[in-house]
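Please open the structure in your viewer and keep the selection tool at hand. The stops below are arranged so that each selection leads on to another.

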Amino acid sequence: MKIKLPFLAIVLLTIFSCEELDKLTEFDITDNLGTTLEVSIPEGAPTNWSQEISVDLASNKQVQENLDYVQNVTINNLSFEITDYVGAADTQLTEASITVAGTSISIGTIDLKAADDANQVFSIGTEEQLAIIAAYLKQAESVTVTLSGIVSATPVEFNVVIDVDATITIDVI
């Protein structure tokens with residue numbers, strides 16, 4: 001006995017409400033969409049520093065396969081860490097900020113060596129700022145992150161490990 005697809009659809013809609021059926025077609029992907037920015041400022045270079053890097057939803061294979069079905073993006077946490085510092089022991093990064101999707105987040109002053117030595121992770125951004133970034137990522141699928149500040153001494157090298165902990169809701173129907 002063959003069951004026709006329209007009949008099966010009617011039966012499923014009868015058994016499940018539309019909302020329940022919609023929930024069956026949704027799934028969440030939680031991932032770290034982070035990246036690492038390598039900073040190298042040579043001796044005698046201007047101490048005002050600004051550098052860009054991209055964060056991309058499609059860096060997650062499962063999200064990449066379902067980009068057309070992204071229903072929502074939530075940023076659970078935005079943080080960064082200074083790693084692999086090479087430079088004078090007392091070098092400060094002042095007036096530091098991270099700009100994402102036109103949203104500037106002030107970081108303040110960081111003692112680069114101390115932050116690296118302590119493996120200090122800086123969580124940044126308010127709920128409102130994270131929501132703006134998430135809304136942008138939902139529409140654009142990638143975003144440019146600009147880090148800037150003033151270093152108190154050169155030469156200096158360090159990495160900024162950016163962690164964007166995000167939940168992406170995929171709805172295949």
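The tour goes from the whole chain to strands, a helix contact, charged pairs, a surface patch and backbone details.

**Before selecting**

This is a predicted model, in which local features need pLDDT of at least 70 and side-chain atom pairs count only at pLDDT 80 or more, while totals for chains, interfaces and linings use all residues. Residues are numbered from 1 along each chain as its sequence is written, and side-chain values use heavy atoms, with hydrogens and water left out.

**Stop 1: the whole chain**

Select the protein chain and display it as a cartoon; five helices and nine strands should appear. Helices (H or I, at least four residues) and strands (E, at least two) are DSSP runs, numbered from the N terminus. Followed from the N terminus, the order of elements is α-α-β-β-β-α-β-β-β-α-β-α-β-β.

Switch to a surface display. The protein chain has an accessible surface of about 9,900 Å², and carbon and sulfur atoms account for 51% of this area. Accessible areas come from the Shrake-Rupley method with a 1.4 Å probe; for residues, only the protein chains shown count as cover. Of the 173 residues in the protein chain, 36% are buried. Buried means under 20% relative accessible area, exposed means over 50%, and partly exposed lies in between (1.4 Å probe, protein chains only).

A contact map may be drawn at this point, with contact meaning heavy atoms within 4.5 Å. Among contacts between residues at least 6 apart in sequence, 81% join residues at least 24 apart.

**Stop 2: strand β4 and its partners**

Select β4 (70-87) together with β9 (residues 156-171), to which β4 is joined by 14 bridges in an antiparallel arrangement. Two strands pair if DSSP finds at least two bridges between them. Label Val70, whose bridge partner in β9 is Ile170.

Now add β7 (residues 121-124), which pairs with β4 in the antiparallel sense over four bridges. Here Phe80 has Phe122 of β7 as its bridge partner.

**Stop 3: Gln129**

Select Gln129, which is in helix α5 (residues 127-140). Leaving aside residues up to four places away in sequence, Gln129 touches Thr103, Ser104 and Ile105. Measure from the side chain of Gln129 to Ser104: a polar atom of that side chain lies 3.5 Å from the backbone oxygen of Ser104.

**Stop 4: two charged pairs**

Side chains of opposite charge can pair when their charged atoms come close. Where a salt bridge is a side-chain nitrogen of Lys or Arg within 4 Å of a carboxyl oxygen of Asp or Glu, the count comes to two.

Select Lys61 and Glu65, whose side chains meet in a salt bridge at 3.7 Å, N to O. Lys61 and Glu65 are separated by about one helical turn because they are four residues apart in helix α3. Lys61 is exposed, with a relative accessible area of 58%, and Glu65 is likewise exposed at 53%.

Next select Lys113 and Asp117, which form a salt bridge with the closest N and O atoms 2.9 Å apart. Both lie in helix α4 (residues 112-117), four residues apart, about one turn of the helix. Lys113 is partly exposed, with a relative accessible area of 30%, whereas Asp117 is exposed at 52%.

**Stop 5: a nonpolar patch**

Which residues form a nonpolar patch on the surface? Select Tyr69, Val172 and Ile173, which together have about 310 Å² of accessible area. Patches are made of residues with over 30% relative accessible area and no salt bridge: like charges are joined within 9 Å, nonpolar side chains (Val, Leu, Ile, Met, Phe, Trp, Tyr) within 5 Å. Tyr69 lies in the loop between α3 (61-65) and β4, and this residue is partly exposed, with a relative accessible area of 39%.

**Stop 6: backbone details**

Most residues other than glycine have a negative phi, and most peptide bonds are trans. Select Ala101, which is not a glycine yet has a positive phi of about 55 degrees. Ala101 is in the loop between β5 (92-100) and β6 (103-111) and is partly exposed, with a relative accessible area of 23%.

Then move to Asn119, where phi is also positive, at about 50 degrees. Asn119 sits in the loop between α4 and β7 and is exposed, with a relative accessible area of 52%.

Finally, select Thr154 and Pro155, which are joined by a cis peptide bond with omega of about 0 degrees. Pro155 lies in the loop between β8 (142-151) and β9.

Methods
Polar contact = N/O pair within 3.5 Å; in protein donor to acceptor, adjacent residues only side chain to side chain.
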